[in-house]
Every structure is written in C-alpha cells, then in structure tokens.
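Let's take a friendly walk through this structure, with a pocket to start and a strand to follow. Have the sequence and the 3D view at hand.

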Amino acid sequence: MLKVRCTQKSHPQAASDAHDPGGLWRGEEAAMSVGVVAGTAHRALADAVAAALGTAPVACELERFPDGELRPDVGQVQGEDVYVVQPTGPAVNEHLIELLLLLDACHRGGADRLTAVVPYFGYARQDRRTRAGQPVGARVVTEALEAAGADRLVVVDPHTAALEAMCGMPVEMLTAVPAIAAVLAEETPGTAVVVSPDFGAVKLAEHYACLLRRPVAVVRKTRESGTRVQAEELVGDVAGRPTVIVDDMISTGATVEAAVRVLLSCGAAPDITVAATHGLLAGDARDRLAQLPLRRVLVTDTLATGQTQALPLQVRSVAPLLADAINRLHNSEPLDALLMRS
C-alpha cells in the first residue's frame, strides 16, 4: 500500500507539552494511506487501479431497497486519502446518485481527503444553455459532488474543457489521447489522414495528428436530433487514403456514420479506423457501426463496454493513467504530463 509521510514544521510557540500535547508541532510524522473505493458502475476498472497502486479496494457493499433506493456501506476509511472510482455512464442517473452516496459515506466515515475519480463524466455536454428554461447540468453535478464531500474531481477527456472553470473544487482533467495514439501508431499506415468528424473535435484531431505525424481533414456536420446527423462537406484530401476518425466519445454512432459517408463519397479508401476515449455505444450504436467498413473501433475502458462479434472493438485500459494520477496526487507531485491540452 502506498504511504505518504506528512511532516509538520516546528511551531515557534510550541515551547512545552502544555501548548503541544499531541507532539504535532515537534516534527512527528503521520502516515496517510490510499483507499480506493469501487462503485458498481465499473468495478473491474477500480480493481485494476487498486492493483496498479499495490493495494486492494476498500470493502464496499450496495444495498438496494425494493423501490430502487440505494444505500452503500463503505468499510474503514478513517484518516485515509480516499479515491472513489465511479464513471457516470449508462444508467447515468443511477450511477451518479450512487457516487454522491459513496462520497457522503466516505466523508462521514472520516476520510482525511476525498477525491471523486469519474473517468467518464456524465452531463459534461450540458455545459451551456441554448435557450431559456434549460439547466447547466454540468455545473449542477459538480456542485452536488462538492456538497457530498468531494475535495477534488478527476476526469478523463471530458466533453468540455469548461468543466474546471465551473467547478469550485480542483478538477484534474486527464487525457487518454497519448495512450490511444500509441496503439494507433502500431497499425496506422503512413498515408493515413486523421479526421475530425465535426468542428468541435478539431483541436483533438490536431493533437492526434501531432502524435501520429499525419495530416488532418475536417468534416462539417449539422446535428438534426440526438440520433440524426447530416454531414455536408469535407475540408482536406483523403482520396485513396486510409483514415482515422477521432472524437472524445462515441454515443449513438450517428456522427461517425455521417463522417464515414462523407469520407467514402470523397474517395477515401474503405480502410477506416475510429478512435475515441469513451465508448458509450448507446442504443443501436453497435449495429449502426457494424454496418460500416471499419477496420476497428478503438476506445478505452472508462466505461464498461463489453464485447460483440459484429463490431471490431478494441479496448485500451486507462487504469495505468488513473493509478499514475492518484499516486502523484497522493504524494503532492505535479500532473502536468497527464493533463488535457487546452
């Protein structure tokens, strides 16, 4: 188990035991251990993170009442540096409520420091209003996490970089792009083009292109509904070349489908890879993607994706990334090399 040595400096007024009965200001050291608490959204990921840290997850049970109400029961966390690992993917609302209850349980259990590790942060797409009467869901959720006792939030490639600005507590926005790019580099042809499926993913595509040393093309799209996307034109040359479509997440697959149609109409080779950090694969996304000429769909395990024979799905684990971040936070070391680009 990881340990951090917390040494207090000598206090100038600590002249006697009467002023310092616990010896706190005389340079005595206290050890604070790491505790990893696993929510039910993705126990396998939490277990892998704990294993990478050389520890075992804190004992935790979840009771479900007949009406669906949740009540977690967390083991010993008194005086520990606790990290609650719980992505808020489908079913988003249930996993979010469970996360809030886990944080409150750890807080009331005496955790010395409490960090919410939310590899996939649901509601990040609700970072602004498009008309009157809508909420800013991302802010509501971050405020709820803070109210539940979280001192810090750790996320991976959130949909909006504004998440940190709207949150009162520190937010560490890690990125899985280098890890995904390392996998892509092993099999991506030298003639390949990195494709942004819309203007919102241009900076992300440029990051991948820089790591892979490939050119960039951009698809211009119009979203007609939550499941329907109209791709209109392509900026860049893909004629006869393999392509790698990159995005932060794959939800319904509509954006990928529209981008593939445009690429093929512009003469791209039917050798297409899709890469994204978060594989939500909601609704009929798997069937939709399975009908496209895709070499592979590469995602990470920020969400429990499962496998399917119809879809050439490849999963890269973010457990080493999360363990590295937790180790650095625990030992008060900088996370600069792990963070998203602005």
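The second largest pocket of this predicted model has a volume of about 160 Å³. Its lining is made of 14 residues, and those closest to the pocket centre are Tyr83, Arg113, Thr115, Arg152 and Leu329. If you sort the lining residues by character, you get 7 charged, 5 nonpolar and 2 polar ones.

Which elements each supply at least two residues of this lining? They are strand S5 (81-85), strand S6 (113-118) and helix H8 (319-330). The biggest share comes from S6, which gives 3 residues to the lining of the second largest pocket.

Now turn to strand S12, which spans residues 243-250. Is S12 mostly covered or mostly open? It is mostly covered, with 8 of its 8 residues buried.

S12 is joined by bridges to strand S9 (residues 193-196) and to strand S13 (residues 272-279). The table sets the two pairings side by side, each with one pair of bridge partners to look up in your viewer.

| Strands | Bridges | Direction | One pair of bridge partners |
|---|---|---|---|
| S9 and S12 | 3 bridges | parallel | Val193 (S9) and Thr243 (S12) |
| S12 and S13 | 7 bridges | parallel | Ile245 (S12) and Val274 (S13) |

What kind of unit do S12 and S13 make with helix H6? Together with H6 (residues 254-265), these two strands make a right-handed β-α-β unit. To trace it on screen, start with S12, go on to H6 and end with S13.

Technical notes. Residues are numbered from 1 along each chain as its sequence is written. This is a predicted model: local features need pLDDT of at least 70, side-chain atom pairs count only at pLDDT 80 or more; totals for chains, interfaces and linings use all residues. Side-chain values use heavy atoms; hydrogens and water are left out. On a 1 Å grid over the protein atoms alone, a cavity is a set of points where a 1.4 Å probe fits but cannot get out, and a pocket is an open set with protein on both sides within 12 Å along at least five of seven lines; lining residues have an atom within 4 Å of a point. Grid points are joined across faces, edges and corners, and a volume is the space filled by probe spheres set on the points. Helices (H or I, at least four residues) and strands (E, at least two) are DSSP runs, numbered from the N terminus. Ala, Val, Leu, Ile, Met, Phe, Trp, Tyr, Cys and Pro count as nonpolar, Asp, Glu, Lys and Arg as charged, and the others, Gly among them, as polar. Buried means under 20% relative accessible area, exposed over 50%, partly exposed in between (1.4 Å probe, protein chains only). Two strands pair if DSSP finds at least two bridges between them. A crossover is right-handed if, with the strands pointing away from the viewer, the path from the first strand over the helix to the second runs clockwise.
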